[in-house]
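Got your viewer open and a cartoon view on screen? Let's take a walk through this one, one selection at a time.

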Amino acid sequence: MKHRTAVTVLLACALTALLTVLIVGIYVLAFAVSYVNGEAKVNLEEYKQNQDQTTFIYAYDDNGETVQLARLHGEQNRVWVIYRENPEESTIPQNLANAYIALEDKRFYSHHGVDWFRTLSAVIKDRGSTGGSTITQQLIKNLTGENKRTLNRKFYEILMALNLEKNVSKETVLEAYMNTVYMSHGCYGVQTAAETYFGKNVQDLNLAECASLAAITQSPSKNDPLLHPEENRKRQLTCLANMEEEGMITKEEREAAEAYEMVFTNSEGYTPSGDLASQQVETEKSVWSYYVDYVIQSVRDDLVDQYGYSRSQASSLIYSGGLRIYAAVDLDVQEAMESVYVNRTGFPKYNKHIDDAQSAMTIMDYSGRIVGMVGGAGEKTENRGLNRAANSYRQPGSSIKPLTIYAPAMQEKQITWSTKIENYGIKNYYSDGRYGPVNYGDDPGSPGSYVTVQKALAISYNTVPAQILQDLGFNTSFEYATQKFHLSHLVDPTDKNTSSLAVGGTYKGVSTLEMAAAFAAFGNGGKYFEPYCYYQVTNSNGSEVLLRHNETEGEQAISADTADVMNELLQTVVTDRAGQATARNYGLENSPLFAKTGTTSEDKDRWFVGGTPYYVAAVWFGCDTPKQISNYVSGNPAGSIFDEVMDRVHENLERKEFQKFSPIVEQRTYCTASGLLASDGCTSRATGWYSKENLPGTCKQAHASTTPPATTVPAGEGATQPAAPQTTVPSATQPADGTPETTAPAA
């Protein structure tokens, strides 16, 4: 009886277990059928968009063709390429697709995502030595990143593979697989692998190279042809044999491929294919230019501003989003700049006291396009380091005067070319109540001594702009500097003073980028254009424009007539050699030039900002940690560098003159004694430029007959007293051209 009871219990348990297994089995089967036949569980298009892809930065050459400047990627270097069975529509050669099938999944076209024979074989052997995963299953691993050896992971991998092939074609699966497979050396996908190992685009690979590339996949480190060519060779031969066996190639094709002498990128005598050589693919392994650095910075900032991304999100998109960025650089201009800066041509001779001397330069056209940028002297050794052209802010010294004093006062009709201003400082400029600021050579000027605006600007007196500022007002001057000319690092109210606005001793400073953009107004009819360094940014296939530079009319910072007169005034800074103009020792061989020099307190910084009919440029010279340089250099190194670069840039350009944008600007004769328009009785005359809406009166003074006739220099009034070429010199009590440096360069 007891025996029967035990048997009954055992049968009941067995039946319960069997029913449980059956129920669970039915449930699992139902779930599997529903999962496989349901909606797509893997959206390949979405995965494609979210996969880490390499970003390219392009420029345009003289023929309008794109040239690759740089490629950016994070951990994954990937360029998506197209596979179609029709070779005319495919970027990936059929031989490469066949090589993968022959090695990885011979029954690819006959199964539905899972090769049950291989799967059962792998399970029975329990070692996976023959490999149980199909190309479709490997794709699932590549997309999900799941690679654990668990039954649950394998179960879902099988279901997802079956589901995927229910929803997409075989060629779609193959394309996704060949673009996501890891190929060693940080390469994901066959395009970057083809470049890395053969220096070719994937479509240019021959049969032997296709087999070698496919041979890497099973064990990327072991079969890497650059590191282990003998291991790669073994698997390559297996691949070719499999392809012949599967009828993908003939015996003759196999033998020819086996006999082909492989040339890898580390082989002796290797040269990249013409297509890749012209695209400068090597740039991914090199140090980019300062211009490329600034493009990356600008795109990041614009993504943050326009899409609300965080800085880290924007950076991730740039380095992993497969963007196509089209830079606005002029390759010839950039090359000229880099040649000068790398070799320090035109720089002062080496001096151990300033062996850390540096420089930066920005060149723009007159509609905001940055055509060239260099942020440091010498060989560039790192990417995304300090770019002094865009991100270092230094006191501008006298180079700020046209933006804060002369153009605003002329726009407000307070001065003209020949307005006479007292060459003497203002009371209580110094803490002890003395008049200031002083001019070069610690010259305070003298009460009752008057000079024309043209002379004061050309010689770069400090006393005169200080006097003009008293009538113009701190608020008006500051507004022009920050709102009209967009000098963004002037501080309110710290910089609303004579030292900052009249002689350039600003609290934080300016960059060469800001100064070039501001001075462009003197060559384009008074307009300010926001600087730009790229034309547009698209997604990887160009179907969506993420960012675009839109041409604008610019902001009218000053009127066209004021801009034209200022242009002529600033030309005298170069041409008025008899008047000891500060830029008289500088000028271009093949172009007229307007310019302004600048020297800061204790002679720590030198500036040269100027424009030609083609371009406007700003140069800074100094040390990253500010120090006095006047004892170790002569002249203005910034001017020498400016000349060296701009002469090269203009060497093959047709000479032309500055355009006049206003019909009401004309040249008139004025009386040098009064600064008014000359009358018949004026015996000392010179010529100047005026707006018809801002003319001085006519001179009615009686002039002594003994007054010698005026000597008219090429552009502007001759000087009555000598002055040294540089803008300022430190005063014992107060620097003549700025206040002591208070901040280090901005990073």
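The stops below go from a sheet to a strand, then a loop residue and a pair of helices. Keep in mind along the way that this is a predicted model.

**Stop 1: the five-stranded sheet**

Start by selecting β1 (55–60) and β2 (66–72), then add β3 (324–327) and β9 (534–538), and finish with β10 (545–548). You now have an open sheet of five strands, in the order β2-β1-β3-β9-β10, and its pairing is mixed. β2 and β10 are the edge strands, each pairing on one side only. Look along the sheet and you can follow the turn from strand to strand: neighbours are rotated by 20° against each other on average, direction ignored.

Zoom in on β1 and β2. These two run antiparallel and are joined by six bridges. To see one of the pairs, show Tyr58 and its bridge partner in β2, Gln68.

**Stop 2: the helices by the sheet**

Now bring up α13 (290–307). This helix lies across β1, β2, β3, β9 and β10, and runs at about 110° to β10.

Next, select α14, residues 311–320. Which residues of α14 are buried? Color Ala314, Ile318 and Ser320, and you have them. Among the elements covering these buried residues are β1, β2 and α13, so keep those on screen while you look. Step just past the end of α14 and you reach Gly322, which takes a positive phi of about 65°.

**Stop 3: strand β4, in the thick of it**

Hide the sheet and select β4, residues 357–364. How many of the eight residues of β4 are buried? Eight of the eight, so the strand is largely enclosed by the rest of the structure. In a regular strand, side chains alternate between the two faces of the sheet. Try two colors here: Ala357, Ser359, Met361 and Ile363 for one side, Gln358, Ala360, Thr362 and Met364 for the other. Both faces are covered.

Add the pairing strands now. β14 (616–623) runs antiparallel to β4, with eight bridges joining them; find Ser359 and its bridge partner Phe621 in β14. β5 (370–374) is antiparallel to β4 too, joined by four bridges, and there Thr362 stands opposite Met373. Follow the chain from β4 to β5 and you trace a hairpin with five residues between the strands. Gly368, in that turn, has a positive phi of about 100°.

**Stop 4: Ala377, a buried loop residue**

Carry on along the chain into the loop between β5 and α16 (388–391), and click on Ala377. Is Ala377 buried or exposed? Its relative accessible area is 9%, and it counts as buried because that falls under the 20% cut-off. Show what Ala377 touches beyond its sequence neighbors: Tyr341, Arg344, Phe347, Gln358 and Ser359. You met Gln358 and Ser359 in β4 a moment ago. Then draw a distance from the C-alpha atom of Ala377 to that of Val342: they are 35 residues apart along the chain, yet separated by 5.8 Å.

**Stop 5: two crossing helices**

Last, select α17 (401–411) and α19 (463–472), whose axes come within 10 Å and cross at roughly 55°. That angle makes α17 oblique to α19, and the crossing is left-handed.

Show side chains where the helices meet. From α17, pick Lys401, Thr404, Ile405, Tyr406, Pro408 and Ala409; from α19, pick Val464, Pro465, Ile468, Leu469 and Leu472. Color this contact by class and you get nine nonpolar residues, one polar and one charged.

Methods. Residues numbered from 1 in each chain as written. Predicted model: local features only at pLDDT ≥ 70, side-chain atom pairs only at ≥ 80, totals over all residues. Heavy atoms only, no water. Axes fitted to C-alpha atoms, helices over the stretch in contact; angles between N-to-C directions. Parallel < 35°, antiparallel > 145°, perpendicular 65-115°, else oblique. Left-handed = near helix turned anticlockwise from the far one by under 90°. Contact = heavy atoms within 4.5 Å. Nonpolar A, V, L, I, M, F, W, Y, C, P; charged D, E, K, R; others polar. Buried < 20%, exposed > 50% of the residue type's maximum accessible area, 1.4 Å probe, protein only. Pairing = 2+ DSSP bridges. Lists of a residue's contacts leave out its neighbours within four places in sequence.
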